[in-house]
Amino acid sequence: MSAVAMLVALLASLLVCTMSTVSGMGLQPFKVGDVVPMECKQGADAKWGPPPTCIETGEPFAITFGLERFLHCSISLDETQFEYVKSVVENKESWQCRIAVTADRQLYMPISFPLWGVVDGPHVHVDNRLHFIFHADNGKIVGGAIYPMRDKYEGVKKGGKLSLHGPLKWFSKESYQTIGTDEPVDVQHDLPVSLVAAAVFAFTLLLSSLLYFAVLKPNLAKTLLKSD
């Protein structure tokens, strides 16, 4: 392989590595204890909005990245909310939500709240225990699900409340290796963009100099000598 071909191949490899690095740096990882952004909507024609507000905190329902705990969230059931819960139990509607997989909210993962129960006239008996399971890798959420666990049925009615509760668990990557409450999730520490840009510029300048002194300058000298 000629010197020119080798330098071209090296420059191409450098460009590919640089693009991969920069694209990877665009996704900001979560830190342990960060609140994971969540949005929900009721019905196919509804717009994304905040999840239901919990009576206990007065804040929208939230999960914290990398921390395992037992969640409690009681939801007030006005007429609209009650009818929606009833439709979800009857499998006529799906309680659709989505969570951000990175802290910068560039990507979202779909997730739903499945409600298991029985409609009994003006009342709905709901199994109110849910398990919240998520997988994380390098500060990014790579998978997750919310599913009901057979426990006790709660009788709810219009004007009442639905008390959802259950464990929040975090697993490492695609495995089922539990990440303890005091044990941080793998969080990647990305290099600053300015540092990467400076390194790319330095490498490009170095390779350009090598190309000039190793190939272009000798060829230019030969051409001038021949012309003389």
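Asp78 caps the N-terminal end of helix H2, with a side-chain oxygen 3.3 Å from the backbone nitrogen of Thr80. Such a polar contact is a pair of N or O atoms within 3.5 Å; within protein, one must be able to donate a hydrogen and the other to accept it, and residues adjacent in sequence count only if both atoms are side-chain atoms. The model is predicted: local features need pLDDT of at least 70, side-chain atom pairs count only at pLDDT 80 or more, and totals for chains, interfaces and linings use all residues. Residues are numbered from 1 along each chain as its sequence is written, and side-chain values use heavy atoms, with hydrogens and water left out. Helices (H or I, at least four residues) and strands (E, at least two) are DSSP runs, numbered from the N terminus.

H2 spans residues 79–89. Its buried residues (under 20% relative accessible area; exposed is over 50%, partly exposed in between; 1.4 Å probe, protein chains only) are Gln81, Phe82, Tyr84, Val85, Ser87, Val88 and Val89. Asn91 follows H2. This residue sits in the loop between H2 and strand S3 (96–100). Its phi is positive, near 65°. Most residues other than glycine have a negative phi. Asn91 counts as exposed, at 68% relative accessibility.

A second positive phi, near 55°, belongs to Asn138. Asn138 lies in the loop between strand S7 (130–137) and strand S8 (140–148). With 32% relative accessibility, Asn138 is partly exposed.

Three strands form an open sheet in the order S5-S6-S9, with antiparallel pairing. Pairing requires at least two DSSP bridges between two strands. Strands S5 (116–120) and S9 (153–157) are at the edges; each has a single partner strand, so one side of each lacks a neighbour in the sheet. Neighbouring strands are turned by 25° against each other on average, direction ignored. S6 (residues 123–127) and S9 run antiparallel and are joined by five bridges. Val124 has Val156 as its bridge partner in S9. H2 packs on this sheet and touches S5, S6 and S9. The direction of H2 makes about 60° with that of S6. Axes are lines fitted to C-alpha atoms, for helices over the stretch in contact, and angles run from 0 to 180 degrees between N-to-C directions. Contact means heavy atoms within 4.5 Å.

An open sheet of four strands has mixed pairing and the order S2-S10-S7-S8. Strand S2 (69–76) and S8 stand at the edges, each with a single partner strand, so one side of each has no neighbour in the sheet. The twist averages 25° from one strand to the next. S7 runs parallel to strand S10 (residues 161–172), joined by five bridges. Phe134 has Trp170 as its bridge partner in S10.

Ile75 is found in S2. Ile75 is buried, at 6% relative accessible area. Its C-alpha atom is separated by 6.3 Å from that of Ser163, 88 residues apart along the chain. Beyond four places in sequence, Ile75 touches residues including Pro52, Gln81, Trp95 and Leu162.

The largest nonpolar core (buried Ala, Val, Leu, Ile, Met, Phe, Trp, Tyr and Cys residues joined through side-chain atoms within 4.5 Å) has 40 residues. Phe134 and Ile141 have the most contacts inside this core. H2 gives the most to the core, with five residues. Leaving aside neighbours within four places in sequence, Phe134 is in contact with residues including Ile63, Ile99, Met109, Ile141, Leu168 and Trp170.
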